[in-house]
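I opened the notebook to record what I looked up in this structure, entry by entry. The sequence and the structure come next.

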Amino acid sequence: MTHLKHLSQALPLHSQADQCWRRTRLTSAVAFHLRIRLGRRCAAWSTSYAPSKGVKCFSTSQAYRSADKTNAIDIAFSSGQPAELPHRASKLLHVWQLSNAKKGVTRQYTFTSFSKAWRFMTLVAEQCKVKKHHPSWHNLYNKVTIEWTTHTPEGLSIKDVEMAEFCDRTANEIGLKG
Ligand SMILES: C[C@H](O)[C@H](O)[C@H]1CNC2=NC(N)=NC(=O)C2=N1
């Protein structure tokens, strides 16, 4: 390495300046290129698969790829769903858990009384009639456990996500314990 230092020192002054100018141009061109690439990736990541909590714009392509895989592949979506489904589904996952071989989502609500749990179930049942979509659920006193999945086309569909969002809104309006 030392001989390189000697070589550059031996170069005429205008040649050293030229080298320096080239290096500067190269560095800023690379930086610009990286900013564009990473910027695009982060934009794609945040609009398609980013979870609502803990969204991170990863600065390396490796981290981006693994994060992308985790969120895109870990849910078994039904076929023929709208483009916004992965994003809306991933937003649920801070309170819902994947179930049924990752083809469904499940959540347990705890209310302060049986009558609040029953009111919740009544409102959800009314919405099931509207959407023609029905849960698998269980009630024990003030607790309701509910699971959404789609049998045809098999997987997690937009109807499951819409119903899960409806459940969260309704439960919050009624008021949860704690
Ligand atoms: C014919 C009728 O629309 C279907 O059987 C509906 C009824 N409710 C449903 N509910 C759920 N959760 N998944 C379905 O695939 C489903 N299918």
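Which residue in strand 4 stands opposite T106? I found that T106 stands opposite E147. Before going on I noted that the model is predicted, with local features requiring pLDDT of at least 70 and side-chain atom pairs counting only at pLDDT 80 or more, while totals for chains, interfaces and linings use all residues. The residue numbers I use start from 1 along each chain, as its sequence is written.

**Entry: the chain as a whole**

I listed 6 helices and 4 strands in the chain, where helices (H or I, at least four residues) and strands (E, at least two) are DSSP runs numbered from the N terminus. Read from the N terminus, the order of the elements is α-α-α-α-β-β-α-β-β-α. I also looked up burial, and buried residues account for 16% of the 178 residues in the chain. For this term, a residue is buried if 20 or more other C-beta atoms lie within 10 Å of its own, exposed if 12 or fewer, and partly exposed in between, with the C-beta atoms placed from the backbone.

**Entry: the sheet**

I traced an open sheet of 4 strands in the order 1-2-4-3, with antiparallel pairing; two strands pair if DSSP finds at least two bridges between them. Strand 1 (97-99) and strand 3 are at the edges, and each has a single partner strand, so one side of each lacks a neighbour in the sheet. On average, neighbouring strands of this sheet are turned by 25° against each other, direction ignored, where the axes are lines fitted to C-alpha atoms, for helices over the stretch in contact, and angles run from 0 to 180 degrees between N-to-C directions. As a general reminder to myself, strands of a sheet pair through backbone hydrogen bonds, either parallel or antiparallel.

I then went through the pairs one by one. Strand 1 and strand 2 pair in the antiparallel sense over 3 bridges, with S99 bridged to G104 in strand 2 and L98 standing opposite V105. The hairpin of these two strands, strand 1 and strand 2, has 4 residues between them, and N100 there takes a positive phi near 50°. Strand 2 (residues 104-110) pairs with strand 4 over 7 bridges, again in the antiparallel sense, and T110 has K143 as its bridge partner in strand 4.

Strand 3 (residues 136-140) is joined to strand 4 by 5 antiparallel bridges, and H138 has T145 as its bridge partner in strand 4. Strand 3 and strand 4 form a hairpin with 2 residues between them. I checked Y141 in that turn, and its phi is positive, about 50°, although Y141 is not a glycine. Y141 counts as exposed because it has 10 C-beta neighbours inside 10 Å.

**Entry: two helices**

In helix 4 (residues 85-92) I found the buried residues to be A89, S90 and L92. Viewed down the axis of helix 4, these buried residues fall within an arc of 150°, so they line one face of the helix; the arc is that of the directions from the helix axis to the C-beta atoms.

Helix 5 (residues 114-131) has 18 residues and reaches 26 Å from its first C-alpha to its last, close to the 26 Å expected at 1.5 Å a residue, the expected span being 1.5 Å times one less than the number of residues. Just after helix 5, K132 has a positive phi of about 55°, and K132 lies in the loop between helix 5 and strand 3. K132 counts as exposed because it has 7 C-beta neighbours inside 10 Å.

**Entry: the ligand and T152**

Which residues surround the ligand? I found K132, H133, H134, T149, T150, H151 and T152 around it, where a residue is near a molecule or strand if its C-beta atom, placed from the backbone, lies within 6 Å of it. By class, this shell has no nonpolar, 6 polar and 1 charged residues; Ala, Val, Leu, Ile, Met, Phe, Trp, Tyr, Cys and Pro count as nonpolar, Asp, Glu, Lys and Arg as charged, and the others, Gly among them, as polar.

I followed T152 further, in the loop between strand 4 (143-149) and helix 6 (158-174). T152 is exposed because it has 7 other C-beta atoms within 10 Å. From C-alpha to C-alpha, T152 and S78 are 7.9 Å apart in space, though 74 residues apart in sequence. Finally, I noted that a cis peptide bond joins T152 and P153, with omega about -5°.
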